[in-house]
Amino acid sequence: MSESVLHRDAPPILIENDLERPALDDRSYRVIKLPNELEALLIHDPDTDMASASMDVNVGAFSDSDDMPGLAHAVEHVSFMGTEKYPKENDYMEYLSRYNGSSNAYTSSTSTNYHFEVAATSSNSKSASQSNGAAKSGSPFYGALDRFAQFFVAPLFLADSVDRELRAVDSEHKKNLQSDVWREAQLDKSLANPKHPYCHFNTGSFKTLHDDPLSRGVNIRNEFMKFWETHYSANRMKLVLLGRESLDEMESWVVEFFADIRNTDRAQYRWDDVPIYSEKELKKVLYVKPVKESRKLRLSFTYPDEEDLYESHPSRYFSHLIGHEGPGSILAYIKAKGWANGLSAGAYSHCPGSAIFTVDVRLTEDGLNHYQEVAQTIFQYISILNERCPQEWVFDEMKGMSEVDFRFKQKSQAVRTTNRLASVMQRPYPRKWLLSGPAVLRKFDARAIRRGLGYLHPKNCRLTVVSQEFPGEWDQREKWYGTEYKVEDMSQEFLEMLQEAAQSAQEDRPSELHLPHRNEFIPTRLEVQKKSVSEPAKAPRLIRNDENVRTWHKRDDRFWVPKANVYIYMRTPLLNLSPKTYVLSLLYEQLVKDALNEYSYDAEISGLRYTLSDIDPGLFIAVGGYDDKMSILLEKVLLSMRDLEVREDRFKITKERISRFFRNQAYDSPYGQIGQYAWWLIHADGWINEQYQVELPDVTADDIRTFFPRLLEQFHIEVLAHGNLHKEDALRLTDQVESILKPKKLPQSHWPIERTVVLPQGCDYIYEHPLKDPANVNHAIKYMLYCGDSYSRELRAKLLLLKQVAKEPAFNQLRTKEQLGYVVFSGEMLSRGFGGFYVLIQSEKSPDYLEERIELFLTKLGKMIAKFTNEEFEAHKSSIINKRLEKLKDLSQESSRFATHIRNETFDFECVYNDADAIREISKEDFLNFYNTHIDPTSPTRAKLAVHMLAQSSVKEIAKNIKPSEQKTALLELLTEFLFTADITPDSKKLSTKFANVDVAANDPVDSVVDALSAYLANVPDLEEAKVKKTLESARTLIAVSLPSMGVEVKKLGDDEEATGAREEDELKKSWPKREQIYITDVQAFKASLGLSRGPISVKELSEFEDSGPKL
């Protein structure tokens, strides 16, 4: 029996209960340790509406065995799928869904983090108390913790769950196959020191976790259990709870649920003496060909882990200077040369004992030709840092801002708090500093800074050059992602150039390189005049309303921080008049930001940021952060907009970057692209990237010089000023916009009105778009059902409730059980008059098949709703009401809420409260009638529009280019190889005879192939029945996975017939009415044939919002 069980009744040890915290933090904290060595942080928040817990286990991908990469990640997936106490596979997710909850997990190098959130209180306590004794004192948190704890006490790892989640892992991997972020990261790992686990393939795939282990005779489930038993030890676990309950009550729950976790006393893994890059991997130049058009230079240095230097964080000192963007910086210099658009730098700890310091540069076309000079410039700047003693005033600026940021840190979402802190607890911070340790700089340590800088020299570096054009001869492919690359030793000449730069004297360096000046944007006025209010105001007041301007203002009465957000909408029809005017506007915005970069960087690192973008219905400026110097930054932004000098060199670079951006979007993941086409189809006006790309090549710098004065000549101003600002401050900021830009009045009759299409009853539209990336294997579908006017309060309420009811069943059926794909989403659509419901899936399955699976799911969902008890229906209503009424977490969240309603011109500032009231009024009968009318596939009035993103390497495309005889030959070769790996020597002639009558190209031939293989195995002498059964089970999976690559559509994987109830489904399909599917080939003609929604209307007369009283 483990020590934790033997001493279960011993009381926890109090570690710390006086944590250093932000000034406005009203939470209580306690750190305890159980007898089994599990450490827990308890957080009491009397006002939270969501409770949360997170467990961080000190084991990750670095603990994978070399012959089973991805095992830690796969164990994370399967741990959710049933435990001894709660064996039902989706019990945990069902419970969370019932109480407005959600969960997730991730696996990193040395940690696996599990976390969830759930409603802090239950308005349905009777239901809660009957849920297997799950809830206590009306708190859903109790039942959630009970289920959560079992992952670490007694998970089942059922064989069928393991098999299905391996497919989920494989789908997750395939989702990332064409992602340059994943490809480049894995290439860096694959070419690292093979003695360091950094070189591992972290995600895993079906091949590494299923096929390869099976071929070696490995029992996969046993490997999962062995990994869990070996590494999941209580002394490696850090637990964080956040709830409304008292610290004492939460402590009792921790003891009740987590004391039984075994403690096998596993020591923390460390890699102090094994560098991530050995001598063999350094002094190299790695050339990488990306999927998307990009040009990057990365300098990577082996670097020591700094986790024990938590008071000084030395690498942050020179990361700040190397990554600076103001005058004198590396970026300012290479940008002026036309070589770069961006630069970042920092140390990244990958595990205890090992880190990498990187400098990343986004190169221009010319910069790619001068990448060696860019690297030289970086080392010249490093020589300045080595030459000059570490400057204490630089550190003091950083230290001062870290203290200010921590002092005024606002509460974050409950699950984000627990997730982050569980990870922080794995580090050696004094427990008093768990909140402040990662953020606050405390001690200037010049020696540690010098020691860190000592690692930034050319012989401890390797360069990575990313480009589709250069050098053009990539002679190798990375094993896991297929990334093309080439590796060369740094030439002696290049290495000497970098060494000279690293040791250069002042006279040998460009004079433009120097340390930054003192930062004038650091806030000094941080006072907040806190006043007693009975209840925070739910809406801003309209303090100016005339033919030129509307100004909305709300002085912060909720968060009391010295911050503000100012949003400025410049309403004009010109911006989206045509694809060309949009392109001109986009170029203008980017040129303004480019011109402001050096100036605004000091403000950015001082907690004050601006945004300039296009948001319907015009240009949008946002300035947010500490309010002290806000007006100074806004003035500079407005002047830069008015007085922009369009330089030919910066125009050329900016135009190329935007052109590349448009082209690259065609290589995003299918589910990332699909939203653009769905939006285009339902909105009356608007454009897509292909239309912008047509216009961009012909745009000149003169076009911008002509266009932007016209853009600024006439517009309506709408301002929201929210935060630590008086009314007079808000009016003064509004005056800045007027006095600097001096726009002419835009009559309200010229304001754009945004509308969406109205789909006719009974319609069945499909829009197909082929994906451009030939290597992408995934399709995507966005299946949309139009239900009516999104401005209708009643309809909004029903759609929000439908989202709640459908979310968990959709995920469980379409992803977990059917394994259609890793990406499965569902939810409401509420956009400019279009009210509807959608299901989105990315999958290797064809969109036609996905559409059928969605419709079967929706048919079953309707029957499930019909069977709801009153109690179940009310529980769903309570869950979504709790979700709508969740408390605002910070100032920016409240600002965004106000801004949304101002921008869409409904001014429905109390929308969430009105939604909650409307949801309360919904009866089960009303909801079922709504579902049967608008959602159920049997409804003759249902209106459907689906977008299909089609992969080039689809089964249909492969089938066009392969003969049936070639399909059968490929199948026989696959089975022959499989039998060898199963220790069964095949007789190719007899095997071929058994398959003579098998039609491989038939609709879903898995069963017939397995039957033929079974007939063959029945005649193999001395083959035990158990061996035959096991072989056929493995073969079924292999066949189902492999046939699509032979051009054969497979609708069922493994025992899907049983899982999905095929016979029952055939009966359900018979009830579907015959509809004519209309394929949209001309989008403009499609829109022209439809009616349009009404435009937005204010929920109140604007005069009701007006406020002419004294300043607040």
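**Close-up views of a predicted model**

**View 1. Strand S4 and strand S6 side by side in the seven-stranded sheet.** Strand S4 (residues 50-57) runs antiparallel to strand S6 (residues 112-119), and eight bridges pair the two. All of these views come from a predicted model. To find your way along this pair, start at serine 52, whose bridge partner in S6 is glutamate 117. Zooming out, the pair belongs to an open sheet of seven strands with mixed pairing, in the order S1-S2-S3-S7-S4-S6-S5. Strand S1 (13-16) and strand S5 (102-107) are at the edges; each has a single partner strand, so one side of each lacks a neighbour in the sheet. On average, neighbouring strands here are turned by 15° against each other, direction ignored.

**View 2. Two helices that meet the seven-stranded sheet.** Helix H3 (residues 91-98) lies across S5 and S6, and its direction is at about 35° to S6. Helix H10 (residues 247-258) also packs on the sheet, where it touches strand S2 (28-33), strand S3 (39-44), S4 and strand S7 (237-243). The direction of H10 makes about 145° with that of S3.

**View 3. The six-stranded sheet and its edges.** Here the strand order is S15-S16-S20-S17-S19-S18, in an open sheet with mixed pairing. Which strands stand at the edges? They are strand S15 (541-545) and strand S18 (608-615), each with a single partner strand, so one side of each is left without a neighbour in the sheet. From one strand to the next, the twist averages 15°. S15 and strand S16 (residues 549-555) run antiparallel and are joined by four bridges; in this pair, arginine 544 stands opposite threonine 551 in S16. Helix H25 (residues 727-741) packs on the sheet and touches S15, S16, strand S17 (563-571) and strand S20 (716-723), with its direction at about 35° to that of S15.

**View 4. A buried salt bridge between strand S20 and strand S16.** Stay with the six-stranded sheet and look for glutamate 718 and arginine 550, which form a salt bridge with their closest N and O atoms 2.7 Å apart. Glutamate 718 is in strand S20 and arginine 550 is in strand S16, so to speak a link between distant parts of the chain, 168 residues apart. Buried or exposed? Both glutamate 718 and arginine 550 are buried.

**View 5. Salt bridges with partly exposed partners.** The whole structure holds 76 salt bridges, and two more are picked out here. In one, the side chains of lysine 174 and glutamate 844 meet at 3.0 Å, N to O. Lysine 174 sits in helix H6 (residues 159-175) and glutamate 844 in the loop between strand S25 (834-843) and helix H27 (847-866), 670 residues apart. Glutamate 844 has a relative accessible area of 38% and is partly exposed. In the other, aspartate 649 meets arginine 647 at 2.6 Å, N to O. Aspartate 649 counts as partly exposed at 36% relative accessibility, and arginine 647 is partly exposed too, at 38%.

**View 6. Helix H26 crossing helix H30.** The axes of helix H26 (residues 793-817) and helix H30 (residues 911-920) come within 9 Å and cross at roughly 75°, which means that H26 is roughly perpendicular to H30. On the H26 side, Arg793, Arg796, Ala797 and Leu800 meet Cys911, Asn914, Asp915, Ala918 and Ile919 in H30. Sorted by class, this contact has five nonpolar, one polar and three charged residues. A network of salt bridges links Arg793, Arg796, Arg884, Asp908 and Asp915.

**View 7. Strand S11 between its partners.** Eight of the ten residues of strand S11 (residues 354-363) are buried, so the rest of the structure largely encloses this strand. S11 runs antiparallel to S9, joined by eight bridges, with valine 361 in S11 as the bridge partner of leucine 297. Strand S10 (residues 340-351) pairs with S11 in the antiparallel sense over ten bridges, and alanine 347 stands opposite phenylalanine 357 in S11. The hairpin of S10 and S11 has two residues between the strands, and glycine 353 takes a positive phi near 105° there.

**View 8. Serine 312 in its loop.** Look for serine 312 in the loop between strand S9 (296-303) and helix H11 (314-322). Serine 312 counts as buried, at 5% relative accessibility. Which residues is serine 312 in contact with, leaving aside its neighbours within four places in sequence? They are Phe395, Leu441, Lys443 and Asp445.

Key:
Residues numbered from 1 in each chain as written. Predicted model: local features only at pLDDT ≥ 70, side-chain atom pairs only at ≥ 80, totals over all residues. Heavy atoms only, no water. Pairing = 2+ DSSP bridges. Axes fitted to C-alpha atoms, helices over the stretch in contact; angles between N-to-C directions. Contact = heavy atoms within 4.5 Å. Parallel < 35°, antiparallel > 145°, perpendicular 65-115°, else oblique. Nonpolar A, V, L, I, M, F, W, Y, C, P; charged D, E, K, R; others polar. Buried < 20%, exposed > 50% of the residue type's maximum accessible area, 1.4 Å probe, protein only. Salt bridge = Lys/Arg side-chain N within 4 Å of Asp/Glu carboxyl O.
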